[in-house]
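This report walks through one protein model, from a single loop residue to the packing of its helices. Keep the sequence and the coordinates open while reading.

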Amino acid sequence: MSRVPPVRTVGPTGAQALRRLCAGAIMGVLLTVSKEAMAFLPNFEPVSLLTVLFTLSFGPMAGGGLAVFLLLEGLLYGFGTWWVMYLYIWPLLAALTWLCRRMDRAWQWAVFSGLFGLAFGSLCSLAYLPVGGLKMAFAWAVSGLPFDFLHAGGNFLLMLFLYRPLRAALDRIRVMVA
């Protein structure tokens, strides 16, 4: 009687998959709670910082965290036009981060994050193109420029001061999750 060779799995084992699923859930909750904790400051939020750091430390697993964040935001505030913006804005940040993942200096990531904050309103205005056309999208982007400058400054400062300590902590956690 011949012995059947063991089946080799391509994906993660059950325990690994569960750890990754839980990591995505925790990332999404951290994104939501940190945003809510700083909601009293206009456009000064740690979502950009955490999205960049989660993407750098966990790679594609950060997508699960973004999915949880997007769902929680929709449940908290309703699934309106603003939510449609979030569907492409935050994955775009993760994708741009992944493309620039070779950068390793805090000031580089601070500039990157600041520029994303500055472009945030213009990127959001794209959701208004089908609703009100180019004029509405342009008006929306221009009227939000003061907030975009605050967003850029907040992103820059948070990334400049928190990139190194949070990156080191998340890289240590990644070893446990993988």
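Asparagine 43 lies in the loop between helix 1 and helix 2. Its phi is near 55°, a positive value in a residue other than glycine. At 29% relative accessibility, asparagine 43 counts as partly exposed. The cut-offs are under 20% relative accessible area for buried, over 50% for exposed, and partly exposed in between (1.4 Å probe, protein chains only).

The model is predicted: local features need pLDDT of at least 70, side-chain atom pairs count only at pLDDT 80 or more, and totals for chains, interfaces and linings use all residues. Residues are numbered from 1 along each chain as its sequence is written, and side-chain values use heavy atoms, with hydrogens and water left out.

**Overall architecture**

The protein has 7 helices and 0 strands. From the N terminus on, the order is α-α-α-α-α-α-α. Helices (H or I, at least four residues) and strands (E, at least two) are DSSP runs, numbered from the N terminus. The C-alpha trace spans about 75 × 35 × 30 Å along its principal axes. Of the 178 residues, 39% count as buried. Take the contacts between residues at least 6 apart in sequence: 74% of them join residues at least 24 apart. Contact here means heavy atoms within 4.5 Å.

**Nonpolar core**

Which residues have the most contacts inside the largest nonpolar core? They are Phe54, Ile89 and Trp90, in a core of 38 residues. Such a core is a set of buried Ala, Val, Leu, Ile, Met, Phe, Trp, Tyr and Cys residues joined through side-chain atoms within 4.5 Å. Helix 1 (14-37), helix 2 (47-58), helix 3, helix 4, helix 5 (106-125) and helix 7 (145-177) each give two or more residues to this core.

Tryptophan 90 has a long contact list. Leaving out residues up to four places away in sequence, tryptophan 90 touches Glu45, Val47, Ser48, Thr51, Leu66, Phe69, Leu70, Phe116 and Phe120.

**Helix packing**

Two packed helices are described by the angle between their axes and the distance between the axes. Axes are lines fitted to C-alpha atoms, for helices over the stretch in contact, and angles run from 0 to 180 degrees between N-to-C directions.

Helix 3 (residues 62-77) packs on helix 4 (residues 81-99) at an angle of about 160°, with the axes 10 Å apart. The two helices are therefore roughly antiparallel. Angles under 35 degrees count as roughly parallel, over 145 as roughly antiparallel, 65 to 115 as roughly perpendicular and the rest as oblique. The crossing of helix 3 and helix 4 is right-handed. A crossing is right-handed if the near helix is turned clockwise from the far one by less than a right angle, and left-handed if anticlockwise.

On the helix 3 side, the contact uses Leu66, Phe69, Leu70, Glu73, Gly74 and Tyr77. Helix 4 brings Trp82, Trp83, Tyr86, Leu87, Trp90, Pro91 and Ala94. By class, the contact of helix 3 with helix 4 holds 11 nonpolar, 1 polar and 1 charged residue. Ala, Val, Leu, Ile, Met, Phe, Trp, Tyr, Cys and Pro count as nonpolar, Asp, Glu, Lys and Arg as charged, and the others, Gly among them, as polar.

Helix 2 and helix 5 pack at about 130°, with their axes 10 Å apart. That makes helix 2 oblique to helix 5. Their crossing is right-handed. Ser48, Val52 and Leu56 in helix 2 meet Trp109, Phe112, Ser113 and Phe116 in helix 5. The residues of this contact divide into 5 nonpolar, 2 polar and no charged.

**Selected helical residues**

| Residue | Helix | Relative accessible area | Class |
|---|---|---|---|
| Glutamine 16 | helix 1 | 24% | partly exposed |
| Threonine 32 | helix 1 | 6% | buried |
| Tryptophan 140 | helix 6 (residues 129-143) | 31% | partly exposed |
| Arginine 167 | helix 7 | 14% | buried |

The contacts below leave out residues up to four places away in sequence. Threonine 32 touches Phe69, Leu72, Glu73 and Leu76. Arginine 167 touches Leu53, Leu56, Ser57, Asp104 and Leu162. Tryptophan 140 is in contact with Met85, Gly121, Cys124, Ser125 and Tyr128.

Two C-alpha separations complete the picture. Glutamine 16 and glutamate 73 are 57 residues apart in sequence and 27 Å apart in space. Tryptophan 140 and alanine 62 are 78 residues apart along the chain, with 30 Å between their C-alpha atoms.
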